[in-house]
Amino acid sequence: MKIKIIVVLLAIVAAACGGGKKETVPPSTTATPPTYPDAYPLPINELRADRGKTLFQSKCTTCHDLDRKVIGPPLRGVTQRRTYNWMMNMILYPDRWVKTDSVAKALHKEYNYVQMIIPGGITEDQAMAVIAYLQREDAQSMSQP
Ligand code: HEC
């Protein structure tokens with residue numbers, strides 16, 4: 001009898017945890033933002049940058065272009081004006097970052113307080129890939145005459 005109840009309970013727990021779509025958005029309300037290194041990972045991982053390009057096209061281009069201002073700022077050169085830590089926080093925790101970082105705060109004001117919301121959310125790994133793509137674009141822009 002006892003075993004039967006346990007089995008039923010386990011089934012309920014499994015149903016509650018399973019089924020639902022996996023949440024990929026990092027909780028943006030975490031009290032202390034994680035800190036990443038200021039320096040970008042080098043050398044640029046080509047496969048990761050390729051994956052980042054696809055992600056950029058699906059998750060960022062509604063608001064960003066490399067060269068034109070859309071809803072958000074143009075992103076070419078961004079890896080030269082911001083640190084890696086800044087980028088990771090801006091992409092993963094935009095709502096919190098525009099409140100805590102003075103540069104992000106000013107940018108948020110300049111862009112009429114439009115909230116950066118990434119369609120479908122973004123994982124840390126995906127953010128790293130998008131950054132690798134932007135980093136590669138910037139490295140290529142630099143090497144052009
Ligand atoms: C709904 C529109 C929207 C989407 C989607 C969006 N952004 Fe933004 N982004 C903004 C806005 C608006 C700003 C200006 C700052 C602010 O108001 O938050 C911004 C700022 C930024 C900045 C800072 C730029 C600078 O000059 O310092 C980076 C980096 C950035 N976004 C990266 C991304 C990436 C990468 C994605 C996709 C994964 C993305 N954004 C998706 C709207 C968006």
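Helix 4 makes the largest contribution to the shell around the ligand in this predicted model, supplying three residues. In total, 25 residues surround the ligand, and the closest of them are Cys60, Cys63, Gly72, His108 and Met116. Three elements give two or more residues to this shell: helix 4, spanning 84–92, helix 5, spanning 94–100, and helix 6, spanning 102–110. The character of the ligand's surroundings is easy to sketch by class, with 19 nonpolar residues, four polar residues and two charged residues.

Attention can now turn to the largest nonpolar core. This core holds 23 residues, of which Ile91, Ala127, Val130, Ile131 and Tyr133 touch the most other members. Two or more residues come from each of helix 2 (46–59), helix 4, helix 5 and helix 7 (124–143). Helix 7 is the leading contributor here, giving eight residues to the core. Helix 4 and helix 5 thus appear in both settings, giving two or more residues to the ligand shell and two or more to the core.

Tyr133 offers a handy place to look at the packing in the viewer. Apart from its neighbours within four places in sequence, Tyr133 is in contact with Ala49, Gly52, Lys53 and Phe56.

A word on confidence is useful when browsing the model. The protein chain has an average pLDDT of 85, and 78% of the residues score at least 70. Residues 6–21 are another matter: pLDDT stays under 50 over this stretch, and the model has zero contacts for it beyond four places in sequence. Where pLDDT is low, predicted coordinates should not be read in detail.

Notes: Residues numbered from 1 in each chain as written. Predicted model: local features only at pLDDT ≥ 70, side-chain atom pairs only at ≥ 80, totals over all residues. Near = placed C-beta within 6 Å. Helix = DSSP H or I, 4+ residues; strand = E, 2+ residues; numbered from the N terminus. Nonpolar A, V, L, I, M, F, W, Y, C, P; charged D, E, K, R; others polar. Core = buried A, V, L, I, M, F, W, Y, C linked by C-beta atoms within 7 Å. Buried ≥ 20, exposed ≤ 12 C-beta atoms within 10 Å, placed from the backbone. Contact = placed C-beta atoms within 7 Å. pLDDT = per-residue confidence, 0-100.
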